[in-house]
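Q: Could you please show me how to read the nonpolar cores and the surface of a protein model?

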Amino acid sequence: MSEILPSPPPTETIARPGPVRRLYDWVLHFAHTPYGAPALAIISFCESSFFPLPPDPLLIALGISRPKRALWYGLLCTIASVIGGVFGYMIGVFLFDTVGTRILEFYGLTDSYEALRTNFREAGFFAILIAALTPVPYKVFTIAAGVTRLPLPIFISASLLGRGLRFIAVGWLIGRYGEPVRAFIDRWFHWLAWGFVGLAIIGFFLVSGLLGGGRDG
């Protein structure tokens with residue numbers, strides 16, 4: 001009589017994280033390396049013209065690791081982001097047909113750009129301010145500002161104000177509250193991601209209405 005072997009225990013299926021979460025984790029790993037601050041500056045620069053993920057997660061992680069430098073990280077993030085915005089502006093001025101259109105097509109933002117381009121100059125300061133302060137795709141606005149030749153001082157001042165309010169506020173919150181903020185983001189990441197999408201949609205309609213008001217005037 002053959003021996004009946006026990007059935008093997010069921011194997012647990014570990015869900016593989018999605019591409020956004022993998023990119024988020026890749027960005028965060030720089031916080032545990034000597035290259036955290038340079039990585040923050042590079043990601044902040046690139047996000048303003050073509051990189052998909054905002055620098056906030058790395059800013060938060062670095063601020064948690066060194067709370068006394070959290071405000072400095074926020075300032076670094078702001079300056080690098082605005083310089084990156086100027087780079088996006090120059091893409092709009094000099095390289096829109098060859099580079100700018102491909103960036104917009106890659107992210108599916110061509111329709112958003114077309115909606116913003118008409119009479120962009122009339123409400124350009126407030127459009128850039130809202131895009132710099134919210135999850136609205138800032139890269140669309142940097143490129144559109146260059147194409148429409150929005151005066152560079154207006155573009156830079158709006159970007160500095162919006163990005164500064166956003167990133168320096170994050171630095172202050174991390175310096176004050178630290179690890180609980182990180183734990184909250186890790187626990188509610190997917191809901192926060194959808195929340196950012198919702199805020200981006202609201203902000204986009206707000207800017208579109210602003211620009212539409214400029215057309216009517």
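Q: Which residues have the most contacts inside the largest nonpolar core?
A: In soluble globular proteins, nonpolar side chains tend to be buried together. A nonpolar core is a set of buried Ala, Val, Leu, Ile, Met, Phe, Trp, Tyr and Cys residues joined through side-chain atoms within 4.5 Å; buried means under 20% relative accessible area, exposed over 50%, and partly exposed in between (1.4 Å probe, protein chains only). In this predicted model, the largest core has 23 residues, and Leu40, Leu58, Leu59, Leu62 and Ile174 have the most contacts inside it. Helices H2 (36-47), H3 (56-65), H4 and H9 each give two or more residues to this core, and H3 gives the most, with six.

Q: What does Leu59 touch?
A: A contact means heavy atoms within 4.5 Å. Beyond residues up to four places away in sequence, Leu59 touches Leu40, Ala70, Tyr73, Gly74, Cys77, Phe167 and Val170.

Q: Which residues form a nonpolar patch on the surface?
A: Patches of this kind join nonpolar side chains (Val, Leu, Ile, Met, Phe, Trp, Tyr) within 5 Å, from residues with over 30% relative accessible area and no salt bridge (a side-chain nitrogen of Lys or Arg within 4 Å of a carboxyl oxygen of Asp or Glu). Here the patch consists of Leu71, Leu75, Ile79, Ile83, Ile168, Trp172, Leu173 and Tyr177. H4 (70-94) and H9 (152-177) each supply at least two of its residues.

Q: How should the numbering and the values be read?
A: Residues are numbered from 1 along each chain as its sequence is written, and side-chain values use heavy atoms, leaving out hydrogens and water. As the model is predicted, local features need pLDDT of at least 70 and side-chain atom pairs count only at pLDDT 80 or more, whereas totals for chains, interfaces and linings use all residues.

Methods
Patch = residues over 30% accessible without salt bridge, like charges linked within 9 Å, V, L, I, M, F, W, Y side chains within 5 Å. Areas by Shrake-Rupley, 256 points an atom, 1.4 Å probe, with all protein chains shown as cover. Helix = DSSP H or I, 4+ residues; strand = E, 2+ residues; numbered from the N terminus.
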